[in-house]
Amino acid sequence: MRSRKPSPQTIAVLEVLSINSGSWMYGLEIAKLTKLKSGSLYPILIRCAERGFLDAKWVEPLESGRPPRHAYKIRPEGVRFLERNRNSGLDRQRIESAV
């Protein structure tokens with residue numbers, strides 16, 4: 001596989017998950033913090049999970065009649081990838097204050 005520089009959107013997703021390291025987050029939460037639309041966010045989450053940067057799992061709803069949802073958590077491989085590719089232009093303080 002050819003190595004490419006990750007997009008700023010991918011870095012933003014990994015930043016949000018790294019700030020909440022150890023906690024599971026839903027896609028909607030990640031979308032709100034990164035300001036990414038679902039058409040951009042979910043392909044990024046899928047690619048990151050396939051590359052071993054994230055764990056993903058189905059979470060059963062607390063209320064009956066609600067569908068299960070996917071939750072995501074960054075893995076150590078994702079943290080290392082982020083550290084190697086972190087973009088100095090990303091406003092980490094903005095993300096941390098929103099979390």
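**Exercise 1. Helix α4**

Task: Which residues of helix α4 are buried, and where do they lie around its axis?

Solution: Keep in mind that this is a predicted model.
- Step 1. Helix α4 covers residues 76-85, and its buried residues are G78, F81 and L82.
- Step 2. Looking down the axis of α4, these buried residues fall within an arc of 100°, so they line one face of the helix.
- Step 3. A general rule fits here: an α-helix has 3.6 residues a turn, so residues three or four places apart point the same way.
- Step 4. Now turn to the face away from the buried side of α4, which carries the exposed residues P76, E83 and R84.
- Step 5. Finally, look for the cover: α1 and β3 are included in what lies over the buried residues of α4.

**Exercise 2. Helix α3**

Task: Compare the span of helix α3 with the expected value, then find its buried side and its packing partners.

Solution:
- Step 1. Helix α3 has 13 residues (residues 38-50), which at 1.5 Å a residue should span 18 Å; the end C-alpha atoms are 18 Å apart, so the two values agree.
- Step 2. The buried residues of α3 are L41, I44, L45 and C48.
- Step 3. These four cover an arc of only 100° around the axis, which puts them on the same side of α3.
- Step 4. G39 and E50 are exposed on the other side of α3.
- Step 5. The partners of the buried residues of α3 are the helices α1 (8-19) and α2 (27-34), together with the strands β2 (54-59) and β3 (69-74).
- Step 6. Follow the chain past the helix: after α3 comes G52, with a positive phi near 85°.

**Exercise 3. T34**

Task: Is T34 buried or exposed, and which residues does T34 touch?

Solution:
- Step 1. Place the residue: T34 belongs to helix α2.
- Step 2. The relative accessible area of T34 is 10%, and buried means under 20%, so T34 is buried.
- Step 3. Setting aside residues up to four places away in sequence, T34 touches A12, V13 and V16.
- Step 4. A12 and T34 are 22 residues apart along the chain, yet their C-alpha atoms are separated by 6.2 Å.

**Exercise 4. V59 and the second largest pocket**

Task: Find the contacts of V59, then describe the lining of the second largest pocket.

Solution:
- Step 1. V59 sits in strand β2.
- Step 2. Apart from neighbours within four places in sequence, V59 is in contact with Y26, P68, R69 and A71.
- Step 3. The C-alpha atoms of V59 and H70 are separated by 6.0 Å, with their positions 11 residues apart along the chain.
- Step 4. V59 also helps line the second largest pocket, together with Y26, E60, P61, L62, E63, R66, P67 and R69.
- Step 5. Sort that lining by type: five residues are nonpolar, none is polar and four are charged.
- Step 6. The volume of the second largest pocket is about 190 Å³.

**Exercise 5. The whole chain**

Task: How many helices and strands does the protein chain have, and in what order do they run?

Solution:
- Step 1. Count the elements: the protein chain has five helices and three strands.
- Step 2. Read from the N terminus, their order is α-β-α-α-β-β-α-α.
- Step 3. Of the 99 residues in the protein chain, 32% are buried.
- Step 4. Among contacts with a separation of 6 or more, 60% are between residues 24 or more positions apart.

Definitions and conventions
Residues numbered from 1 in each chain as written. Predicted model: local features only at pLDDT ≥ 70, side-chain atom pairs only at ≥ 80, totals over all residues. Heavy atoms only, no water. 1 Å grid on protein atoms, 1.4 Å probe; cavity = no way out; pocket = protein on both sides within 12 Å on 5 of 7 lines; lining within 4 Å. Points joined across faces, edges and corners; volume = space filled by probe spheres on them. Nonpolar A, V, L, I, M, F, W, Y, C, P; charged D, E, K, R; others polar. Helix = DSSP H or I, 4+ residues; strand = E, 2+ residues; numbered from the N terminus. Expected span 1.5 Å × (residues − 1). Buried < 20%, exposed > 50% of the residue type's maximum accessible area, 1.4 Å probe, protein only. Arc of directions from axis to C-beta. Contact = heavy atoms within 4.5 Å.
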